[in-house]
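Please open the structure in a viewer and keep the selection panel at hand. The tour proceeds by selections, each followed by a description of what is found there.

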Amino acid sequence: MSSTWNASHVTPDGAVWLASAGTYPRSTLALWEERPDAPVVLPCGSVFDVVSAPAMFGRRMLDRLWDDGPGSGPVAEFRGRMLLFAAPGTAQRLPALLEWEEWGKHGGDTGETGRTGGVPPLLCHGTGDAVTVPAPADDASPSRSGARWLVAPDTRQPWLPGPEVLLWAAVRAARSAVRISIFPPADQGAKVYDVSRRR
C-alpha cells in the first residue's frame, strides 16, 4: 500500500484488516493501490459486524463511547447512516439485548417504525450481510458513494466493541436525547396567575 496516505485516513495496516474480510483480500488491496478513492462492498460476520444507526443518533452513540466509555472501533458514515464496526457475533446478539431492554417500548407515541420518538431502530449486519466500506483515501467530505470514515481503521487488529458495549452506548444516547421534566405539562385551558407579585 502507498505510504503517502494521510494519517487521518485508513493506514496500510487498516486496509489489510479491511481487505481480510473479503473472499479475495489481495484483489481488494490491488484495487486500492490503483484507486485509493474506490469504496468496496465487504462481507460481514467473520472479521467484523456492523451496527447501522441514523446519523444523528449514531453520532450520540459515538459521543457516549468516546466521552464516557472505552472508545470505538472503526466508524464510517454512509448515506445518512452511521456504521459502527463491531466484534463478529454482535449482529446476532445485539437485537436480543435490545429486546430485553424493551428498546423503544417506554411509553410515548410510536411511529411507523414501532419505536418511540428519539429511539430509532438499529440495523445489525452480520453473517450473510455486506456493507459498503468507504475508500481508504477518502477526503473529509463524503465521496460520490456517500461514504466516508469518521474513525478510520489503523491496525491489523483493531479493538471492536461487542454487543454489551453498543447496548450501553445506545441506551445512554437515547436517554441523553430525552428531556425529562419534573413538572407536568401545562394545562392549555388553565388560568395562569403571577404569584411573584404576592405581598
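The stops below pass from the whole chain to the sheet, the cores and the charged pairs.

**The whole chain.** Begin with everything displayed as a cartoon, bearing in mind that this is a predicted model. The chain contains five helices and seven strands, and from the N terminus the order of elements is α-α-β-β-α-β-β-α-β-β-β-α. Of its 199 residues, 41% count as buried. The accessible surface amounts to about 11,800 Å², and carbon and sulfur atoms account for 51% of that area. Among contacts between residues at least 6 apart in sequence, 75% join residues at least 24 apart.

**The sheet.** Next, select strands 5, 2, 4, 3 and 7, which in that order form an open, antiparallel sheet. Strand 5 (123-125) and strand 7 (147-151) stand at the edges; each has a single partner strand, so one side of each lacks a neighbour in the sheet. From one strand to the next the twist averages 25°.

Now restrict the selection to strand 2, residues 49-54, where five of the six residues are buried. Six bridges connect strand 2 with strand 4 (residues 81-86), and in this pairing Pro-54 stands opposite Arg-81. Towards strand 5, strand 2 has three bridges, and Ser-52 stands opposite Leu-123.

Move to the pairing of strand 3 (residues 75-78) with strand 7, which are antiparallel and joined by four bridges. Here Ala-76 stands opposite Trp-149 of strand 7.

**The loop between strands 3 and 4.** Select Arg-79, which is found in the loop between strand 3 and strand 4. What is notable about its backbone? Arg-79 has a positive phi of about 50° although it is not a glycine. Most residues other than glycine have a negative phi. With a relative accessible area of 63%, Arg-79 is exposed.

**The largest nonpolar core.** Which residues have the most contacts inside the largest nonpolar core? They are Leu-18, Phe-48, Phe-85, Val-133 and Trp-149, in a core of 24 residues. The elements that give two or more residues to this core are helix 1 (12-19), helix 2 (25-34), strand 1 (40-43), strand 3, strand 4, strand 6 (130-133) and strand 7. Helix 1 gives the most, with four residues.

Select helix 1 and show its side chains: Gly-14, Ala-15, Trp-17, Leu-18 and Ala-19 are buried. The cover over the buried residues of helix 1 includes helix 2, strand 1, strand 4, strand 6 and strand 7. Centre the view on Leu-18; leaving aside residues up to four places away in sequence, Leu-18 touches Val-10, Trp-32, Leu-42, Phe-48, Phe-85, Val-133, Trp-149 and Pro-153. Apart from this core lies another, of 23 residues, among them Leu-62, Ala-86, Leu-122 and Ala-169.

**The salt bridges.** How many salt bridges does a search of the whole structure find? There are four. Select Asp-13 and Arg-156, whose closest N and O atoms are 3.0 Å apart. Asp-13 lies in helix 1 and Arg-156 in the loop between strand 7 and helix 5 (163-177), so this pair ties together parts that are 143 residues apart in sequence. Asp-13 is partly exposed, at 35% relative accessibility.

Continue to Glu-77 and Arg-148, whose side chains meet in a salt bridge at 2.8 Å, N to O. Glu-77 belongs to strand 3 and Arg-148 to strand 7, so the pair ties together parts 71 residues apart in sequence. Glu-77 counts as buried at 16% relative accessibility, and Arg-148 counts as buried at 19%.

**Arg-64 and its surroundings.** Finish with Arg-64, found in helix 3 (residues 55-67). Is Arg-64 buried or exposed? Arg-64 has a relative accessible area of 17%; buried means under 20%, so Arg-64 is buried. The side chain of Arg-64 meets that of Asp-68 in a salt bridge of 2.9 Å, N to O, and Asp-68 is partly exposed at 48% relative accessibility. Salt bridges that share partners join Arg-64, Asp-67 and Asp-68 into one network. Display the remaining neighbours as sticks: not counting residues up to four places away in sequence, Arg-64 touches Gly-69, Trp-168, Ala-169, Arg-172, Ala-173 and Ser-176.

Methods. Residues are numbered from 1 along each chain as its sequence is written. This is a predicted model: local features need pLDDT of at least 70, side-chain atom pairs count only at pLDDT 80 or more; totals for chains, interfaces and linings use all residues. Side-chain values use heavy atoms; hydrogens and water are left out. Two strands pair if DSSP finds at least two bridges between them. Axes are lines fitted to C-alpha atoms, for helices over the stretch in contact, and angles run from 0 to 180 degrees between N-to-C directions. Buried means under 20% relative accessible area, exposed over 50%, partly exposed in between (1.4 Å probe, protein chains only). Contact means heavy atoms within 4.5 Å. Accessible areas come from the Shrake-Rupley method with a 1.4 Å probe; for residues, only the protein chains shown count as cover. A nonpolar core is a set of buried Ala, Val, Leu, Ile, Met, Phe, Trp, Tyr and Cys residues joined through side-chain atoms within 4.5 Å.
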